[in-house]
Amino acid sequence: MTVLASFAFVRHTDGLRYHFERDGERHGRPAYRRTDGQVWCIWAPTEGWHCEIADGLVTAHPLNSHGDGPEPPATVWRSFKGDRSYLYDLCPLGSEA
């Protein structure tokens with residue numbers, strides 16, 4: 001089975017890119033850590049695929065999807081931080097066997 005090794009979230013408004021790399025597993029699925037170490041993209045039974053910061057605060061979800069697949073869906077995601085919200089495309093960068 002091929003597993004996504006890395007991906008980037010690309011912000012719609014200005015093209016800002018956040019890179020994530022595979023870093024272990026959570027709940028039996030791959031976990032991804034942002035390369036600056038501040039954010040995780042993981043799957044959980046109650047949230048589906050989502051991004052969260054160290055204290056467990058959920059900061060992003062796939063738009064119009066619970067995200068129950070084996071890896072994060074390559075679709076539009078919405079982030080939330082305070083009173084701000086942005087749309088990002090999840091763009092796969094690599095895979096590993």
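On a 1 Å grid over the protein atoms alone, a pocket is an open set of points with protein on both sides within 12 Å along at least five of seven lines, and its lining residues have an atom within 4 Å of a point. A volume is the space filled by probe spheres set on the points. In this predicted model, local features need pLDDT of at least 70 and side-chain atom pairs count only at pLDDT 80 or more, while totals for linings use all residues. Residues are numbered from 1 along each chain, and side-chain values use heavy atoms.

The largest pocket has a volume of about 410 Å³. Its lining comprises 19 residues, with R34, V39, S79, K81 and Y88 nearest the centre. Among the strands (DSSP runs of E, at least two residues, numbered from the N terminus), β7 gives the most to this lining, with four residues.

Aromatic rings offer a second point of interest. Rings of Phe, Tyr and Trp (its six-membered ring) pair if their centres lie within 6.5 Å; planes over 60 degrees apart count as edge-to-face. Eight aromatic pairs result. One of them joins F9 and F20 edge-to-face, at 5.3 Å centre to centre and 90° between the planes. Because F9 lies in β1 and F20 in β2, this pair ties together parts eleven residues apart in sequence. Both residues are buried (under 20% relative accessible area, 1.4 Å probe, protein chains only). F9 also pairs with Y88: the ring centres are 6.2 Å apart and the planes at 75°, so this contact is edge-to-face too. Y88 lies in β8, so the pair with F9 in β1 links parts 79 residues apart in sequence.

Technical notes: 1 Å grid on protein atoms, 1.4 Å probe; cavity = no way out; pocket = protein on both sides within 12 Å on 5 of 7 lines; lining within 4 Å. Phe/Tyr/Trp six-rings, centres within 6.5 Å; stacked < 30°, edge-to-face > 60°. Buried < 20%, exposed > 50% of the residue type's maximum accessible area, 1.4 Å probe, protein only.
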